[in-house]
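Reader: I am in my first year and still learning how to read a model like this one. Could you take me slowly through one part of it, and then show me how that part sits within the whole chain?

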Amino acid sequence: MLTETQNEKTLNLHLMSSIDIVTIMNEQDSQITEIIQHVLPKIAQAVDLIAQNLKHGGRIFYVGAG
């Protein structure tokens, strides 16, 4: 899934009703679990590595956007 491309379904948000906008948001959000399911082993591996490093005095820095 590409996250930095235009979504055809949301090109005209400024012309849509509130219910249409939140419906599209919900539809798009519902795709996340299916996509993430394929990388759960890698996410679990990352969590294990992070936890191990934190146990040994490591620190975590995280930054979010959007």
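Author: Contact here means heavy atoms within 4.5 Å. With that in hand, and keeping in mind that this is a predicted model, we can begin with Gln 28, which is found in helix H1. Leaving aside residues up to four places away in sequence, Gln 28 touches Asn 7 and Lys 9. Its relative accessibility is 18%, and because buried means under 20%, Gln 28 counts as buried. Burial of this kind applies to 3% of the 66 residues of the chain.

Ile 32 also lies in helix H1, but at 42% relative accessibility Ile 32 counts as partly exposed, since that class runs between 20% and 50%. Ile 32 belongs to a nonpolar patch on the surface, which it forms with Ile 36, Val 39, Leu 40, Ile 43 and Val 47, and together these residues have about 460 Å² of accessible area. Two elements, helix H1 (18-37) and H2, give two or more residues each to the nonpolar patch, and the largest share, three residues, comes from H2.

That brings us to helix H2 itself, which covers residues 40-55 and so has 16 residues. At 1.5 Å a residue, helix H2 should span 22 Å, and its end C-alpha atoms are indeed 22 Å apart, so the expected and computed lengths agree. After H2 comes Gly 57, whose phi is positive, near 85°. Within helix H2 we also find Ile 50, which at 38% relative accessibility counts as partly exposed. Ile 50 and Ile 60 are ten residues apart in sequence, while their C-alpha atoms are 7.9 Å apart in space.

Now we can step back to the whole chain, whose secondary structure comes to two helices and zero strands. The radius of gyration of the chain is 18 Å, whereas the globule rule gives 11 Å for 66 residues; the value for the chain is well over that, so the chain is more spread out than a compact globule. Taken along the principal axes, the box that the C-alpha atoms of the chain fill is roughly 55 × 25 × 20 Å. The chain exposes about 6300 Å², and carbon and sulfur atoms supply 59% of that area.

Methods. Residues numbered from 1 in each chain as written. Predicted model: local features only at pLDDT ≥ 70, side-chain atom pairs only at ≥ 80, totals over all residues. Heavy atoms only, no water. Helix = DSSP H or I, 4+ residues; strand = E, 2+ residues; numbered from the N terminus. Expected span 1.5 Å × (residues − 1). Patch = residues over 30% accessible without salt bridge, like charges linked within 9 Å, V, L, I, M, F, W, Y side chains within 5 Å. Areas by Shrake-Rupley, 256 points an atom, 1.4 Å probe, with all protein chains shown as cover. Salt bridge = Lys/Arg side-chain N within 4 Å of Asp/Glu carboxyl O. Buried < 20%, exposed > 50% of the residue type's maximum accessible area, 1.4 Å probe, protein only. Rg over C-alpha atoms; globule rule 2.2 N^0.38 Å.
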